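Visitor: Hi! Could you walk me through this one? I'm new to reading structures.
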Amino acid sequence: MTKLPSKLPNIKILDESNKLLHRVSEEVQFPLPQEDKKAIQDMMDYLEMSQIEPLREKYDLRAGMGLSYCQIGVLKRIFVVVYEVEEGKFDRYIIINPKIKSESEEKIYVSEGEGCLSINRPTEGIVPRCARVTIEYQDLEGNKQTIRVREELAICFQHELDHLNGILFTDKIDPKNPFKGKDTYRAI
Ligand code: NI
């Protein structure tokens with residue numbers, strides 16, 4: 001069990017109107033400065049707190065599963081994911097310098113539409129994502145790691161990896177035909 005801080009970490013999530021969110025983030029060098037480690041911890045605490053209902057209400061948050069470093073204004077190739085595996089139990093992922101090693105042919109999409117803590121307006125449309133991806137990345141110490149993720153987690157990882165390349169999920173929706181190809185992909 002992770003011990004959560006007694007109050008919400010002080011991080012400011014940028015809105016899509018900010019230019020930084022449309023730029024490509026840079027490869028991370030090691031060792032990681034303490035300030036980066038602190039920010040990573042804060043981002044994960046924030047996400048976990050946003051998924052716990054009483055805290056979400058207390059701090060008036062939107063629930064979020066993933067956050068990229070660029071979303072708080074730092075253009076380094078780092079993202080974090082906090083995933084509730086069962087009621088009240090969260091898995092945390094810290095992904096640095098990720099590269100996709102392989103991806104499934106099968107495509108899926110979130111039936112109610114993807115969301116993003118940087119997009120604060122109603123959106124509609126589907127974003128086809130690979131149902132499974134294998135990603136090579138570095139951990140906090142710079143060690144090479146490989147992870148294979150599927151379904152909801154796979155979508156989240158691809159969404160965050162897009163952030164590192166300055167791409168928002170809304171960039172992937174055709175405004176003229178937001179549900180294009182819907183029947184070709186599997187809804188989750
Ligand atoms: Ni996002």
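Guide: Happy to. Let's begin with a term for metal sites: donors are N, O and S atoms within 2.8 Å of the metal (3.2 Å for Na, K and Ca), and water is not among the atoms, so sites may look incomplete. Here the donors of the nickel ion follow the spacing C-x42-H-x3-H along the chain. This is a predicted model, where local features need pLDDT of at least 70 and side-chain atom pairs count only at pLDDT 80 or more, while totals for chains, interfaces and linings use all residues. Residues are numbered from 1 along each chain as its sequence is written, and side-chain values use heavy atoms, with hydrogens and water left out.

Visitor: Which residues coordinate the nickel ion?
Guide: Cys116 does so through SG, and His159 and His163 each through NE2, at 2.1 to 2.3 Å.

Visitor: And where do cysteine 116 and histidine 159 sit?
Guide: Cysteine 116 is in the loop between β4 and β5, and histidine 159 is in helix α3 (residues 151–164), 43 residues apart. Those names come from DSSP runs numbered from the N terminus: helices are H or I with at least four residues, strands are E with at least two.

Visitor: Is cysteine 116 buried or exposed?
Guide: Cysteine 116 is buried, as is histidine 159. Buried means under 20% relative accessible area, exposed over 50%, and partly exposed in between, using a 1.4 Å probe and protein chains only.

Visitor: New topic, rings. How many aromatic pairs are there?
Guide: Two. Rings of Phe, Tyr and Trp (its six-membered ring) pair if their centres lie within 6.5 Å; planes under 30 degrees apart count as stacked, over 60 as edge-to-face and the rest as tilted. Phenylalanine 79 and phenylalanine 157 are edge-to-face, with 5.4 Å centre to centre and 85° between the planes. They are 78 residues apart, with phenylalanine 79 in strand β2 and phenylalanine 157 in helix α3.

Visitor: Why does phenylalanine 157 count as buried?
Guide: Because its relative accessibility is 0%. Tyrosine 93 also makes an edge-to-face pair with phenylalanine 157, at 5.6 Å centre to centre and 80° between the planes. Ring pairs link Phe79, Tyr93 and Phe157 into a cluster.

Visitor: What about the largest nonpolar core?
Guide: A nonpolar core is a set of buried Ala, Val, Leu, Ile, Met, Phe, Trp, Tyr and Cys residues joined through side-chain atoms within 4.5 Å. The largest has 21 residues, of which Ile40, Met43, Leu67, Ile72, Ile78 and Val80 touch the most other members. Its largest share, six residues, comes from α1.

Visitor: What is valine 80 in contact with?
Guide: Leaving aside neighbours within four places in sequence, the contacts of valine 80 include Ile40, Met43, Leu67 and Tyr93. Contact means heavy atoms within 4.5 Å.

Visitor: Last one, strands. How does β6 pair with strand β7?
Guide: In the antiparallel sense, over seven bridges. Two strands pair if DSSP finds at least two bridges between them. β6 and β7 form a hairpin with five residues between them, and glycine 142 in the turn has a positive phi of about 95°. Arginine 132 stands opposite arginine 150 in β7.

Visitor: How many bridges join β3 to β6?
Guide: Five, and β3 and β6 run antiparallel. Lysine 99 has glutamate 136 in β6 as its bridge partner. Strand β6 (residues 132–138) is mostly covered, with five of its seven residues buried.
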